[in-house]
Amino acid sequence: MERTIKFTLNGRLINVEVSPHWTLLKLLREKLRLTGTKEGCGIGECGACTVLMDGIPVNACLVLAPKVEGRKIETIEGLGSRESLHPLQKSFIDHGAIQCGFCTPGILMSSKALLEKNSNPNRKEIKEALSGHLCRCTGYHQIIEAIKKASEV
Amino acid sequence: MIPPFDYKTPNTIQEAIELLWQAEGKARIIAGGTDLAIGLRNGDQSPQSIIDITRIEELRKIEEKNGTISIGAAVTHSEIASSSLVKKHGKVLSDAASGIGSPQIRNLGTIGGNLINASPAADTIPPLMVLQAMGKVVTKGGERQVPLLQLFKGPYKTNLKPHELLAQITFPKLPPDMKTSFLRLARRDAMAIARISVAVVLKIEKRRFEDIKIAVGSITPTPERMSEAEAFLKGKSPDEVSLQKASLKISEAMIRQSGIRPSTSYKKPVVEALFIRAMKKALEE
């Protein structure tokens, strides 16, 4: 029951063979070797696997792979490069918004979607955008600060 | 690990119901997947095929027609929460949709899925009950309109047959002089299943309740209209005393339906308080 699906991944159109019962998360991590997207709970509650589908944040653990046919998927690997970080990534480093880093890729993807929709969010709007993410290290304060500052750049 | 299945992506309702018919009960419909993907993962669900209805344009629309708002089954909670049509003509529903799960869940999860999953705690059901919503159910060679109140058989059980598809939800536009509110109580503000939810729609005329509809979620086996409290309030003035008395009818209904549980001594006063708060919120609207 393998099938080939075609979708845009971080700006590049790709063809990839998948089993229909794979999740997008498994496809990204195990087949495409894009391990920046993390698996936390696997049931849509922690937000660690958040990627953007057609520009909006979704839990990659809840999306079955065939569903992404024809869609645009963005993952943390498409956000910036080692040489040139995305302003959000730079701001997270500057504000100490990372400790263990496991929740960070997902939070960065939700933050990117937020800033694209709302270039100057207030704290309430930032908290709302992050409400589907769990971070067990930093306590969110620095993360909110980092997003706020990145929006001012 | 999710077991293998076939994945179909019909482009029309006709194709979808044909696939359902051929599957003879061994297929499951998927829309957002926020419940089904978890059911597949933990083995509660093992269909032979999965029919993805999110490519069917007709099921992705919110429309206004002859005084009615219709919402396709595959419309997401985010789309409902931000729809100007729903905000204007059925705000109690957009309010409820905006608080479901998390942004990521709302971007995937759909109104059709929320109904068909039939959780006692489904946030869209009490609002749709007070909006007097109907579901359009289609099958090979026919369709039927089901009042939402008759859609649920019990917790996580609907009256749909395996070859039937819930295609659309409709409700009459709420007149502008109707006041509404939806309140939910959960362990946290986000990412938490409602422990108690209340939806109300009401109209005050000459300082009396001219119309009042109340529905609750999570505290009865399926969400329900609270007909005794409604009958009690009708024609009464919206004062503290009548709200207090009506709140007792809500907690009595909960105990009658769900029995005395270890949580009852906590839940009874909380249900009453949440109901009164919901009523005051609507009255102040």
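Two chains and their packing

Tutor: In this predicted model, helix H10 of chain B passes helix H11 of chain B in a right-handed crossing.

Student: What makes a crossing of H10(B) with H11(B) right-handed or left-handed?

Tutor: The near helix is compared with the far one, and a clockwise turn of less than a right angle counts as right-handed, which is the hand found for H10(B) passing H11(B).

Student: Why are H10(B) and H11(B) called oblique to each other?

Tutor: The axes of H10(B), residues 240-258, and H11(B), residues 264-283, come within 9 Å and cross at roughly 135°. Roughly parallel requires an angle under 35 degrees, roughly antiparallel one over 145, and roughly perpendicular one from 65 to 115, so the value falls in none of these ranges, and the two helices are therefore oblique.

Student: Which residues in H10(B) and H11(B) meet?

Tutor: From H10(B) the list includes B:Leu243, B:Leu248 and B:Ile255, and from H11(B) it includes B:Val271, B:Phe275 and B:Met279; a pair is in contact if the C-beta atoms lie within 7 Å. By class, this contact of H10(B) with H11(B) has 9 nonpolar, 3 polar and 2 charged residues.

Student: What makes a strand of the sheet S4-S5-S10-S6-S7 in chain B an edge strand?

Tutor: This open sheet is formed by 5 strands in that order, and the pairing is antiparallel. Strand S4 (62-65) and strand S7 (142-147) of chain B each have a single partner strand, so one side of each is left without a neighbour in the sheet, and for that reason they stand at the edges. Neighbouring strands of the sheet are turned by 25° against each other on average, direction ignored.

Student: How do you know that S4(B) and S5(B) pair?

Tutor: At least two bridges are needed for strands to pair, and S4(B) is linked to S5(B), residues 68-72, by 4 bridges in the antiparallel sense. Within these two strands, B:Ile62 stands opposite B:Ile71.

Student: How many bridges join S1(B) to S3(B)?

Tutor: There are 3 bridges between S1(B) and S3(B), residues 49-52, which run parallel, and since the requirement is at least two, the strands pair. The bridge partner of B:Asp6 in S3(B) is B:Ser49. Strand S2(B), residues 27-30, also pairs with S3(B) in the parallel sense, over 4 bridges, and there B:Ile29 has B:Ile51 as its partner.

Student: How many residues of chain B and chain A are in contact?

Tutor: The contact involves 21 residues of chain B and 24 residues of chain A. Strand S1 (6-8), helix H2 (36-41) and helix H6 (103-108) of chain B each supply at least two residues of the side of chain B that touches chain A, and H6(B) gives the most, with 5 residues. That side divides into 12 nonpolar, 6 polar and 3 charged residues.

Student: What are the bounds of domain 1 and domain 2 in chain A?

Tutor: The domain assignment of chain A gives domain 1 as 3-78 and domain 2 as 87-152, and 21 Å separate their centres, taken over C-alpha atoms. The contact takes 16 residues from domain 1 and 13 residues from domain 2 of chain A.

How values were computed
Residues are numbered from 1 along each chain as its sequence is written. Chains are lettered from A and ligands numbered from 1 in the order in which they are written. This is a predicted model: local features need pLDDT of at least 70, side-chain atom pairs count only at pLDDT 80 or more; totals for chains, interfaces and linings use all residues. Domain bounds come from an automatic or database domain assignment. Two residues are in contact if their C-beta atoms, placed from the backbone, lie within 7 Å. Ala, Val, Leu, Ile, Met, Phe, Trp, Tyr, Cys and Pro count as nonpolar, Asp, Glu, Lys and Arg as charged, and the others, Gly among them, as polar. Axes are lines fitted to C-alpha atoms, for helices over the stretch in contact, and angles run from 0 to 180 degrees between N-to-C directions.
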